[in-house]
Amino acid sequence: MTTATRWEPVIGLEVHVHLATSSKMFCRCEARFGAPPNTLVCPVCTSQPGTLPVLNAEALRRGVLAGLALGCTIDPHTKFDRKNYFYPDLPKGYQISQFDRPLCRDGRFRYRMPDGADREATIVRAHLEEDSGKIIHPEGMDLSLVDLNRAGTPLLEIVSGPDLHSPEEAMAYLQELRRTLRAVGAGDCDMEKGGFRCDANVSLRPAGTETLGTRTETKNLNSFKFVAGALQAEIERQGAVLDGGGEVVQQTMAYDPVSGRTRPLRGKEDAHDYRYFPEPDLPEFRVDPAWVETLRASLPELPHDRHARYTGELGLSAGDADALVAERELGDYFEAAVAITGRPKETANWLLTEVLRLVNERKIALGELALGPERLAELVQLVDAGGVSVQAGRRLATEMEVRPDATAAALAEELDLVQVSDDGALRALVDEVVGQETDVVERYRGGNAGLLNALLGSVMKASRGKADPKAARELLLETLGPAGDG
Amino acid sequence: MLSATAIAARVRSGEFDPQEVTEAAIRRLEARDPQVHAYLDPDLERARRCADAVAETLRRGEDPGRLAGVPVSLKDNMAVEGATLTAGSRILEGYRAPYTSHVAQRLLAEGAVLLGRTNLDEFAMGASTENSAYGPSRNPWDRDRVPGGSSGGSAAAVAAGIVPVALGSETGGSIRQPAALCGVTGFKPTYGAVSRHGLVAFGSSLDVIGPIACHAEDAALVHDVIAGHDPRDATTWTGERPSALTERADLEGLRIGIPEEFLDDAVDARVLERVSAAIAQLEEGGAITRVVPKGSLPSMHLAIPVYYLVACSEASSNLARFDGIRYGPAREEAAELHERYAATRAGLFGPEVRRRILLGTFSLSAGYADAWYKKALQVRRLILDEFRALFADYDLLAGPTSPFGAFKIGERSKDPYAMYLCDLLTAPACLAGLPSVSVPCGLARKGAYKGLPVGLSLTGPAGHDHKVLAAARAYEAVRGAPERSPLQEDEA
Ligand SMILES: [Zn+2]
């Protein structure tokens, strides 16, 4: 038996998500990434003596939305606690967090594996807390600087059960989590800006058993790549320890992406007694269940459900469905367009190729395109009805983007893109090509059936893309007969 | 010295010039403060600017407000933008507040003249001002004695007749006990009646700001001004808040209970004598007084340990921000981060503050929190319930404010537990969040505190601040104006 088959990994993830609020959690400072250091601060978030926290209702609302999307129960009575520890990026010397009454608990969250299989993870809890500031170590200088712009920005910490059994499952869970949180508007989950950070608890147990081994916690994994690398490294490290007859020590680990290894974090960070106690500045508060139900009713269709509907009811490929649910805006655009066209596959195809091409070329957001879902629907319908060829349709898409005033049909007319399916005109084009490409025609007649496509290409070219390919193909066959009949 | 009420009325009517009123207060401060050290920063220029603003408002024909031209001093743990805010500690030496507290904003909005910031025990931890890093204040009745604490500077400033009213803050007795020891009125409002915004935190679930005044009416006036909901303090009350000033001041038919637990053996006999006389005066005024037999407050004997566990636990967290990185001079010699914290905190916090941080940290620590902090919360709840039950039968509870009169400087400072006993009779109402006033009820006739003031405490149910203050006004009316300290006698 190899290490990999002898031991089963047990993984639980703690994810810190920045809630997408415009201001901080307990003061009115702007919550924004990228401002010059210490410009988004006030007496509260720099913890001047005598200041008090006031809860930002928007943070609570987005926390509830996230909890509902994760299938959690929202505690109608909740409270904040102080988590005490000293660190220069923590200006109060304590973090306002939630200890024994988290806002959200006992969730069940379905996620999809790359092969399409459905899995479920339990969500033990999700609680609100404030973020710390940032420590900057300027290069070549023997000092550290503190930037408090991030201090006090709202976070939701989402703790999964020990339900993930491979790095692949962990990655699929994280990706579904990110999609879902973005879809409900809880957070942007922008990893580069620290908006989605992960700590991984890992233990191993003999395959086929239900016991739980000693776990380690690997901290501060701030990219999907690092999570995958750290999990793999830690599983291998623990496997080697156990294979050698050793015991895994419960400790906090750090992942070094350069060496691809995990190593124990030494020092005092490892031995915290956080001395949690109820935050006296924020009284226990009630989360109105009726309000929670209003929020539940306002939840959009979740990416996981959307994907199932796209591949089921709408008959889309798993790949197309993946692409459409990756971003909520894309799925919403698709929904709006397909509601008009009634043709899911074609609509998805045009959206994922031409519309995304325009987005990339123009470097703008989907919502900023002049070619909105209604106009894409016009285009899809025009192609579908044989008004323009697919090839002409591509050009038309580009033209529609720069000519927001004109309809697809009017532009096709104006640009002379209307498909030639008229028998006489098409026959003249076919005759022209057959007359010119005598060499190809001869080989086709000699039995090379594949050359029909080459001849069709020539017809299309001669029509400058306007010929109806289906009608042209039929005319070619009628003119030349089946291959090899010569 | 005139009352705040009288000064405001005369400034509003044009009879008094606010700048002259202020200059007179400044003269009193300059003459008397060297004898009592009530002030950490007199900040006379700020007072003059306030007076100018009031004068300007009057020139425009507008009303400066209910405290027009009244000099008011703040305990030096309440923020005023640009002013010092030492909280009596070295760690905040040189610090200037970047914003103004709610109470100071309210005072300024009603035309008050902010005159200086008063001395206190470091971070309000103490009952004598001897824990101030800047030296103790002295009692205007006997300068070898303490004024009480932690709001001792405010009580001394009022008792010395420098200002008619000052603000104090209370966590376990810090308004009422110095008021009692200095022979003035001190009112601790219901927890949450006054915003803590801008008050340097000690025990957040206990801290409250209230007035210390020569006259009960002035305490009611200032409480009316500073109380009320503040969206910046989530623990402030949002409900209706009747005026403490317009509530009828009448003792007739008032049911006043005197729980035997308030007449503890630790209470000095001569203090008890004055308080008994005061209770007789209440009765003469029409109140129905009853001694409640022992057993109505069975958990009260635990109030001191419970108070110290709760307040110190919260303080250990509240004071964590003073880590030498943003406050206090950095100790560059410390090579490692935690050494630096330790060097700063050991070097700049006084021994009592360090003791309480250690006590609070221990009480919250893993393995100990269940036995100490959590147990204390449970007993706190019991004390609250016991008070509630008493208020089913009584409108107010009466007793001595402090077990003893003003003690000598140095008398209790060597023994922390002797000092903690100062809170014996005040801590219970703090734990229960109840409104409570200490009114002067005469001077001790004999014994260790002969000739020194004694305070009568009146405590009401939560939210009945107006009733407690009305009773204090009624008592003062029955008894007559309180005795003046020798420092005020010069005035004539
Ligand atoms: Zn802020």
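Donors of a metal are N, O and S atoms within 2.8 Å of it (3.2 Å for Na, K and Ca), and water is not among the atoms, so sites may look incomplete. The model is predicted, so local features need pLDDT of at least 70 and side-chain atom pairs count only at pLDDT 80 or more, whereas totals for chains, interfaces and linings use all residues. Residues are numbered from 1 along each chain as its sequence is written, chains are lettered from A and ligands numbered from 1 in the order in which they are written, and side-chain values use heavy atoms, with hydrogens and water left out.

**Exercise 1. The zinc site**

Task: Find which protein donors the zinc ion has, and state the geometry of its site.

Solution: Begin with the sulfur atoms, for the protein donors are the SG atoms of C27(A), C29(A), C42(A) and C45(A), which lie 2.3 to 2.4 Å from the zinc ion. Along the chain these donors follow the spacing C-x1-C-x12-C-x2-C. Next take the angles among the four donor atoms, which run from 99 to 114° and make the site tetrahedral (for four donors, all angles between 85 and 135 degrees). Finally, C27(A) and C29(A) are both buried, a word that stands for under 20% relative accessible area, with exposed over 50% and partly exposed in between (1.4 Å probe, protein chains only).

**Exercise 2. A cysteine without a partner**

Task: Determine how many disulfides the structure holds, and explain why C72(A) does not form one.

Solution: A disulfide is counted when two cysteine sulfur atoms lie within 2.5 Å, and over all chains the structure holds zero of them. For C72(A), the closest cysteine sulfur belongs to C104(A) and is 5.3 Å away, which is too far for a bond. C72(A) is also buried, at a relative accessible area of 5%.

**Exercise 3. Salt bridges**

Task: Describe where the residues of the salt bridge between E478(A) and R427(A) lie, and then ask of R176(B) whether it is buried or exposed.

Solution: The rule asks for a side-chain nitrogen of Lys or Arg within 4 Å of a carboxyl oxygen of Asp or Glu, and by this rule there are 71 salt bridges over all chains. The side chains of E478(A) and R427(A) meet at 3.2 Å, N to O. E478(A) belongs to helix α16 (residues 469-480) of chain A and R427(A) to helix α13 (residues 423-436) of chain A, so the pair ties together parts 51 residues apart in sequence; helices here are DSSP runs (H or I, at least four residues), as are strands (E, at least two), numbered from the N terminus. E478(A) is exposed at 55%, while R427(A) is partly exposed at 31%. In chain B, the salt bridge of R176(B) and E170(B) has an N to O distance of 2.6 Å; R176(B) is buried at 1% relative accessibility, and E170(B) is buried at 0%.

**Exercise 4. Paired strands in chain A**

Task: Follow β7(A) to its pairing with β6(A) and to its pairing with β10(A).

Solution: Strands pair if DSSP finds at least two bridges between them. Strand β6 (residues 104-112) and strand β7 (residues 118-130) of chain A pair in the antiparallel sense over eight bridges, with R112(A) having D118(A) as its bridge partner. Their hairpin has five residues between the strands, and G116(A) takes a positive phi near 95° there. Seven bridges then join β7(A) to strand β10 (residues 154-160) of chain A, again antiparallel, and A126(A) stands opposite I158(A).

Methods. Four donors count as tetrahedral if all angles lie between 85 and 135 degrees; four count as square planar and six as octahedral if opposite donors are over 155 degrees apart and all others between 65 and 115; anything else is irregular.
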